[in-house]
Amino acid sequence: MTFASSLQPKIPRVGFISLGCPKATVDSERILTHLRAEGYLISSSYADSDLVVVNTCGFIDSAIAESLETIGEALAENGKVVVTGCLGAKGDIIRQIHPKVLAVTGPQATEEVMEAIHHHLPKPHDPYLDLVPPQGIRLTPKHYAYLKISEGCNHRCTFCIIPSMRGNLVSRPVGEVLQEAQNLADAGVKELLVISQDTSAYGVDIKYRTGFWQGRPVRTRITELAQVLGELGIWIRLHYVYPYPHVDELIPLMAEGRLLPYLDIPFQHANARILKSMKRPANSENVLARIKHWRAICPEITLRSTFIVGFPGETEQAFEELLAFLEQAQLDRVGAFTYSPVEGAAANALPDPIPPELQQERLARLMQLQEEISRERLAGKLGQTLRVLVDAVDENGAIGRSSADAPEIDGLVYIDSDLPLKAGDWVDVRITRTDTHDLWATLV
Ligand code: SF4
């Protein structure tokens with residue numbers, strides 16, 4: 001057993017007990033390095049510590065016994081104990097014998113240990129020493145923020161070069177993502193926009209490993225992440241959700257009000273041959289059935305999607321299939337683009353490119369149809385009462401967004417109000433007028 005040492009007053013002090021093999025020692029060194037880098041001090045005794053971390057060994061019975069005994073000693077002498085290491089992988093045993101431990105994580109879990117320490121022994125923010133506030137530096141307004149959950153992508157859509165630029169999917173540790181979300185909520189953020197290249201693939205790269213947040217196990221998987229995000233009491237909006245089957249699991253969370261009933265799910269096309277040459281999931285009938293099912297579970301869901309028109313090989317018939325799909329799908333929001341070759345994209349080698357004039361003509365036809373659909377769907381909101389998040393206030397009133405409107409890309413709600421509203425307020429409004437993209441409303 002080794003107690004790392006160094007003691008100074010006032011700054012939070014962490015005692016650290018490292019048991020087990022050299023691999024555990026390396027884990028301990030990593031955690032200690034993080035602690036020091038963040039300005040925590042490492043204490044040499046239980047009495048001088050504000051919290052104690054025990055890195056356990058669970059290899060053989062005697063090592064398990066020593067670990068459990070050490071946890072008991074730390075609890076008796078100090079009281080605030082975070083457990084990590086191999087025995088932490090058997091969290092039930094530890095919690096049964098020592099129910100008072102603050103958090104239990106497994107081996108190689110530096111981020112999770114740091115999150116537990118941040119939660120139970122936060123380091124006070126020192127504006128003179130700390131360059132970055134707890135919620136980080138953000139470019140968005142104070143009341144909404146983007147939450148990036150992964151980087152890269154495992155798909156190889158033929159029109160896209162993101163995987164060659166950013167590599168395969170790398171998911172952020174779930175505890176780190178949740179702590180960032182909590183910090184943002186604590187800093188006054190009212191809406192989190194969950195983003196990545198492929199949000200529904202979250203955790204695939206690490207086989208949906210169970211991580212920890214505030215001592216609680218959470219799988220690195222979009223449904224489980226969304227469930228916990230939904231407990232923060234703020235708006236959670238999901239973007240760039242690739243249409244995997246397990247996306248269906250998210251819809252009940254929307255119906256329960258944990259997530260905003262909003263799905264940004266790029267379908268790209270509806271014709272099976274074009275989807276195949278894009279290397280996208282190619283079954284539009286299935287997609288239509290799923291949309292019907294989603295709306296049955298969560299009637300207020302807003303569906304946003306993007307489409308590419310004029311992809312190489314898109315015949316008039318394939319394009320009309322796309323129009324027919326849009327008529328049936330009745331999507332709320334659609335972004336459409338003409339295909340343009342990007343250097344390095346596999347689709348550049350495909351035969352039968354579509355001339356630019358024809359691409360533009362098809363884009364105009366698609367947008368005309370979708371505008372009619374969007375206008376009709378918005379008209380259905382007339383007279384409804386909606387909750388709106390205020391984005392800005394000017395001399396004419398306030399401008400906000402409902403659950404159906406993501407910032408920058410969707411519509412706005414213009415609110416007629418004499419009350420002194422401010423950005424970041426949630427208000428309930430009654431819809432009095434609608435057009436193709438936006439709504440007008442009065443306060444209720
Ligand atoms: S379009 Fe999206 S899903 Fe396809 S390769 Fe690019 S980033 Fe991945």
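**Figure 1. The right-handed crossing of helix 6 and helix 7.** In this predicted model, the crossing of helix 6 with helix 7 is right-handed, a crossing counting as right-handed if the near helix is turned clockwise from the far one by less than a right angle, and as left-handed if anticlockwise. The contact brings together Val174, Val177, Leu178 and Ala181 of helix 6 with Leu225, Val228 and Leu229 of helix 7, where contact means heavy atoms within 4.5 Å. By class, this contact has seven nonpolar, no polar and no charged residues, with Ala, Val, Leu, Ile, Met, Phe, Trp, Tyr, Cys and Pro counted as nonpolar, Asp, Glu, Lys and Arg as charged, and the others, Gly among them, as polar. The axes of helix 6 and helix 7 (residues 222-229) come within 11 Å and cross at roughly 25°, the axes being lines fitted to C-alpha atoms, for helices over the stretch in contact, with angles running from 0 to 180 degrees between N-to-C directions. Helix 6 is therefore roughly parallel to helix 7, since angles under 35 degrees count as roughly parallel, over 145 as roughly antiparallel, 65 to 115 as roughly perpendicular and the rest as oblique. Helices (H or I, at least four residues) and strands (E, at least two) are DSSP runs, numbered from the N terminus.

Residues are numbered from 1 along each chain as its sequence is written. Because the model is predicted, local features need pLDDT of at least 70 and side-chain atom pairs count only at pLDDT 80 or more, while totals for chains, interfaces and linings use all residues; side-chain values use heavy atoms, with hydrogens and water left out.

**Figure 2. Helix 10 against helix 11.** The axes of helix 10 (residues 284-297) and helix 11 (residues 316-329) come within 10 Å and cross at roughly 15°, and the two helices are therefore roughly parallel to each other. Their crossing is right-handed. Helix 10 contributes Ser284, Val287, Leu288, Ile291 and Arg295, which meet Phe325, Gln328 and Ala329 in helix 11. By class, the contact of helix 10 with helix 11 has five nonpolar, two polar and one charged residues.

**Figure 3. Gln179 in helix 6 and Gln214 in a loop.** Gln179 is found in helix 6 (residues 174-186) and is buried, with a relative accessible area of 10%; buried means under 20% relative accessible area, exposed over 50%, and partly exposed in between (1.4 Å probe, protein chains only). The side chain of Gln179 makes a polar contact of 3.1 Å with the side chain of Trp213. A polar contact is a pair of N or O atoms within 3.5 Å; within protein, one must be able to donate a hydrogen and the other to accept it, and residues adjacent in sequence count only if both atoms are side-chain atoms. Not counting residues up to four places away in sequence, Gln179 touches Glu115, Trp213 and Gln214. Gln214 belongs to the loop between strand 11 (210-213) and strand 12 (216-219), and has a positive phi of about 50° although it is not a glycine. At 24% relative accessibility, Gln214 counts as partly exposed.

**Figure 4. Surroundings of Val194 in strand 10.** Val194 is found in strand 10 (residues 191-195) and is buried, with a relative accessible area of 0%. Leaving aside neighbours within four places in sequence, Val194 is in contact with Leu147, Ile149, Thr199, Leu229, Ile236, Arg237, Leu238 and His239. The C-alpha atoms of Val194 and Gln108, which are 86 residues apart along the chain, are separated by 26 Å.

**Figure 5. Ser305 in strand 15, with Gln268 in a loop.** Ser305 has its place in strand 15 (residues 302-309) and is buried, with a relative accessible area of 0%. A polar atom of the Ser305 side chain lies 2.9 Å from the backbone nitrogen of Phe267. Apart from neighbours within four places in sequence, the contacts of Ser305 are with Ile265, Pro266, Phe267, Leu331, Arg333, Val334 and Gly335. Gln268 lies in the loop between strand 14 (262-264) and helix 9 (272-278), and has a positive phi of about 75° although it is not a glycine. Gln268 is buried, with a relative accessible area of 9%.
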